[in-house]
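Biologist: I would like to go through how some helices pack here, and then look at one loop residue. Short answers, please.

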Amino acid sequence: MNPVERLQSLARQPRFDLVVVGGGATGLGVALDAALRGFSVALFESHDFAGGTSSRSTKLLHGGVRYLAQGNVALVREALAERATVLRIAPHLAQPLPFVMPSYAWWQTPFYGAGLKLYDLMAGRAGLGRTEFLSRAQTLQALPGVNPEGLKGGVQYWDGQFDDARLALALARTAQNAGAQLFNYAEVEALERTEPGFSVTVRDRLSGHSRRVEAGCVINATGVWVDALRARAGPPGSAGADRMVSPSQGVHVVVDREFLNGHHALLVPKTRDGRVLFAVPWLGKLVLGTTDTPRQDLPREPQPFAEELDFILGEAAHVLRRPVQRHDIRSVWVGLRPLVAPPKDDGGGTKVLSREHTIVVEPSGLLTVTGGKWTTYRAMADDVMERCFAAGLLTRRPGGQTERHALDGAPVAGRAVVPLHAGPGLHLYGQHADEVQACPGADQTLGLGLTEAMVRYAVRSEYAHTVEDVLARRWRALFLDALAAAAMAPRVAEILAEEGCDRPSLAEFESLCASYLPPAAAT
């Protein structure tokens, strides 16, 4: 669909029951839930789907062992159940992963093992495997490359991993199949309260065209940027008042698998400063992280602070046989977490749930949701719908379909899937692999498993418009190896132009690739 045609469908359906603003995990989850309930839904994302926090996660679907240590049993139990659901409805993009905690003190194995046994017990039938105590030899076998000096043994437990950006894409396509209309690069410029509902003005950032639609209910699911839309929908002078989000950034470093060449993830539950360090095999590489650093600004492309890289590399040097140097880094990505608190004066219109997310109904009727994590996106969407019903924004309709509804591309139950720790390939498309192969250029490889056919398919069927859309999210090249992504970019831009994309933004992407490398590795 060319840019001029993108918003024309809105002229044929100028009113929706529900408009969702934000195309990350939360917004896409809400759009799918509402569409499966039979509501008419439009979703507008100002950039690309999962272009912000939702593509920069730790790539883990987890119940939250640290929440168990904090005594938040309800949250852990819910997350464990939701983890099992995501693994069931998208097995090509979300799978079990064994973790090993290496022990360098005699007390660590029994201490952490006891907590993880409780983790197993809470998971019940949703468990992925039982916790096991490992000897020193077994730990070295599970974690080739772990530092053997002083190693006593370890504990193995199970959690999940996934491809966040491609899972978001699967949600978008599933919602579209259920009747929702979804638009990336569609920025909501104005919200005007009407009776009943809202008038929403949307500008297509690719064509510059604007369109107005009516909505009975508007959901603000813009992540760390929710306060900007809240201010836009509120009375004059409300900008900056009662901020919901205090962002924190998490840094992730990608290196070659040779640093820990196995199929198990490594987890250090408590570093010298009390944080967590992990090393996760993912799409043929190894991801090291993460940090938790407050910041007040909200850049689209946050950069790591020097002390954050020093922390990750320094802590990794304690547990890896071979220390990681800056020149070993293939890519660095940074995600902004929306840490939330409800407004001080909610006028009776605020609902704070018992999970990590917060839902607020503004005096204008705008419903804002933020916080949470990928693992519980589906439960968050259900909570949003329940809040809409309770506030009278929508007429109640039964839900629960998302718990059983397989996501787009999910292979037939029982069919073998390729593990996510393997390099990227055709298997990531699930049941759509044959459609991809039918596009021209299936035998022309550009690098990191990407073919020309996959680029064409990204434009024709996966909402891609720019080089970044393809090499950062439809294919995870930028997140795996920034230099390799830059080398692939010119040919990708040519294919996009052949497919009718008149603004592939090659120069912008090449500049972005440089920012995904630390200074010492950028030359």
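Modeller: Happy to. Keep in mind that this is a predicted model.

Biologist: Which hand does the crossing of α2 and α7 have?

Modeller: Two helices are in play, α2 (residues 25-36) and α7 (residues 164-177). Their crossing is left-handed.

Biologist: Are α2 and α7 roughly parallel or roughly perpendicular to each other?

Modeller: They pack with their axes 9 Å apart, at an angle of about 25°. Angles under 35 degrees count as roughly parallel. α2 and α7 are therefore roughly parallel.

Biologist: How many nonpolar, polar and charged residues does the contact of α2 with α7 have?

Modeller: From α2 come Ala 25, Leu 28, Ala 31, Leu 32 and Ala 35. From α7 come Ala 168, Leu 171, Ala 172, Thr 174 and Ala 175. By class, that contact has 9 nonpolar, 1 polar and no charged residues.

Biologist: Now α4 and α10: are they roughly parallel or roughly perpendicular to each other?

Modeller: The axes of α4 (residues 73-89) and α10 cross at roughly 105° and come within 8 Å. The range 65 to 115 degrees counts as roughly perpendicular. So α4 and α10 are roughly perpendicular.

Biologist: How do the residues of the contact of α4 with α10 divide by class?

Modeller: α4 brings Glu 78, Glu 82, Thr 85, Val 86 and Ile 89. α10 brings Tyr 377, Arg 378 and Ala 379. The residues divide into 4 nonpolar, 1 polar and 3 charged.

Biologist: What span should the 14 residues of α10 have, and how far apart are its end C-alpha atoms?

Modeller: α10 covers residues 377-390. At 1.5 Å a residue, the helix should span 20 Å. The distance between its end C-alpha atoms agrees, at 20 Å.

Biologist: How many of the residues of α10 are buried?

Modeller: The buried set includes Tyr 377, Arg 378 and Ala 379, which also take part in the contact with α4. Further along, Cys 388 and Phe 389 are among the buried residues too. The helix is mostly covered, with a count of 11 of its 14 residues.

Biologist: Is Pro 302 buried or exposed?

Modeller: Pro 302 sits in the loop between β15 (293-294) and α9 (306-319). Its relative accessibility is 5%. Buried means under 20%, so Pro 302 counts as buried.

Biologist: Which residues is Pro 302 in contact with, leaving aside its neighbours within four places in sequence?

Modeller: Gly 335 is 33 residues away in sequence, yet the C-alpha atoms of Pro 302 and Gly 335 are 7.2 Å apart. The contacts of Pro 302 are Arg 56, Gln 249, Arg 295, Val 334 and Leu 336.

Definitions and conventions. Residues numbered from 1 in each chain as written. Predicted model: local features only at pLDDT ≥ 70, side-chain atom pairs only at ≥ 80, totals over all residues. Heavy atoms only, no water. Helix = DSSP H or I, 4+ residues; strand = E, 2+ residues; numbered from the N terminus. Expected span 1.5 Å × (residues − 1). Buried < 20%, exposed > 50% of the residue type's maximum accessible area, 1.4 Å probe, protein only. Axes fitted to C-alpha atoms, helices over the stretch in contact; angles between N-to-C directions. Parallel < 35°, antiparallel > 145°, perpendicular 65-115°, else oblique. Left-handed = near helix turned anticlockwise from the far one by under 90°. Contact = heavy atoms within 4.5 Å. Nonpolar A, V, L, I, M, F, W, Y, C, P; charged D, E, K, R; others polar.
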